[in-house]
Amino acid sequence: MTETLQAQTDVTVTPLTGNIGAVIGGVDAGDALSDETIASIRAALLQYKVVFLRDQDLDYAAQTAFASRFGKLTLGHPIYDAPEGRPNLREMDSKQGTRANHWHTDLTFIERPPAFAFLHSKVIPPVGGDTVWANAASAYASMPAELRQFADQLRIVHSNDCDFTDDTVIERGAYISTPYEAEHPAVRVHPETGERSLLLGGFARRVVGYPPQTSRDLIRVMQEYLTKPEHTVRWQWRVGDIAIWDNQSTAHYAIYDYGNQYRRGERVTVVAPTPVGVDGRPSTALRGDTTAYSTGLD
């Protein structure tokens, strides 16, 4: 099934599953796109949570120009240095940094994780290296009403010293040399759609007010709903693909099944408002100052 979003544009949207994911057609992200085209892509992104554009030939300037149509850009990363002359870029390089082969929502150890991420595939292994995204809103909606009501009240501390770091970071000492922690609602309210979604993932360390073992059990129970196959979509990359995901309503997992083969992508991200829970309470920073990252460049 292919759906055309707006008659005045050539944008097409082809859903990939019943809950998450769609392919966008009729768009060259390197062009000077109309406001109507950007609005169509944004509407698809909010509806399908992650969208994909094939065969995009973009340099840094073109990628940042395209992504900035969706909001102000963050810096490349709150911990890693950006490549010289490309301050908004995070290189997702299998030879350095992290492999991200753990369920996570990007950068939840800071008070304001990014809103949208734009990952451009540059090098892919001959086999393997897919990424899986999960719809955190449909996962929340699928939980029993009593569990949803309980989760609505919970607050969770996220840290860069966590399971994600243990599993994926090559130079762990450097990654945690400056500690970052933030307290988030377990259920956030999307600033544009009003949807409620689970805010979990590998950076989640403990539930506020509960002892360690109980915290782990509570996080595990909610995480199991998030990662059910029916809430996910798996993408097989080709060079030139762009994946755009709503970091405010998804989690993802970059599958490390390609051995010593090389995999590299280039990511830029958009500034988000501070997450807010069902009770209206915003997230708070507990340790570390990421103001420069979260507010981007003027």
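Here are some friendly notes on this predicted model, point by point.

1. Overall build. The protein chain contains eight helices and 17 strands. Its radius of gyration is 18 Å, close to the 19 Å expected from the globule rule for 298 residues, so the chain is as compact as a globular protein of that length. If you are setting up a box, the C-alpha trace spans about 50 × 40 × 40 Å along its principal axes. Of the 298 residues in the chain, 55% are buried.

2. Salt bridges in general. The structure holds 18 salt bridges. Three of the pairs are taken up in the points below, along with one network.

3. D55 and R238. These two side chains form a salt bridge, with the closest N and O atoms 3.6 Å apart. D55 sits in the loop between β4 (50–53) and α2 (60–67), while R238 sits in the loop between β13 (232–235) and β14 (242–246), so the bridge ties together parts that are 183 residues apart in sequence. Are the partners buried or exposed? D55 counts as exposed, because its relative accessibility is 57% and the cut-off for exposed is over 50%. R238, with a relative accessible area of 39%, is partly exposed.

4. The backbone at D55. Please take a look at the backbone of this residue as well as its side chain. Phi of D55 is near 55°, which is a positive value in a residue other than glycine. The residue with this phi is found in the loop between β4 and α2.

5. E91 and R264. Here the closest N and O atoms of the salt bridge are 3.4 Å apart. E91 belongs to strand β5 (residues 90–93) and R264 to strand β16 (residues 264–269), so this pair ties together parts that are 173 residues apart in sequence. Both E91 and R264 are buried. The pair is also part of something wider: R86, E91, R264 and E266 are linked in a network of salt bridges.

6. R220 and E224. Where does this pair lie? Both residues are in helix α7 (residues 212–226), four residues apart, or about one turn of the helix. Their side chains meet in a salt bridge at 3.4 Å, N to O. R220 is partly exposed, with a relative accessible area of 43%, and E224 is partly exposed too, at 44% relative accessibility.

7. L107. This is another residue whose backbone you may like to inspect. L107 has a positive phi of about 60° although it is not a glycine. It lies in the loop between β5 and β6 (116–123). Is L107 buried or exposed? Its relative accessible area is 4%, so L107 falls under the 20% cut-off and counts as buried.

8. A negative surface patch. Which residues form it? The patch is made up of D28, D31, D57 and D59. Of these, D28 is found in the loop between β3 (22–25) and α1 (35–48). With a relative accessible area of 37%, D28 is partly exposed.

9. A short recap for your own reading. For the charged side chains, you have the exposed D55 bridged to R238, the buried pair E91 and R264 within its network, and the R220 and E224 pair in helix α7. For the backbone, D55 and L107 are the residues described here with positive phi. For the surface, there is the negative patch that includes D28.

Technical notes. Residues numbered from 1 in each chain as written. Predicted model: local features only at pLDDT ≥ 70, side-chain atom pairs only at ≥ 80, totals over all residues. Heavy atoms only, no water. Patch = residues over 30% accessible without salt bridge, like charges linked within 9 Å, V, L, I, M, F, W, Y side chains within 5 Å. Areas by Shrake-Rupley, 256 points an atom, 1.4 Å probe, with all protein chains shown as cover. Salt bridge = Lys/Arg side-chain N within 4 Å of Asp/Glu carboxyl O. Lys, Arg positive; Asp, Glu negative; His and termini not counted. Charge placed at Lys NZ, Arg CZ, Asp CG, Glu CD. Helix = DSSP H or I, 4+ residues; strand = E, 2+ residues; numbered from the N terminus. Buried < 20%, exposed > 50% of the residue type's maximum accessible area, 1.4 Å probe, protein only. Rg over C-alpha atoms; globule rule 2.2 N^0.38 Å.
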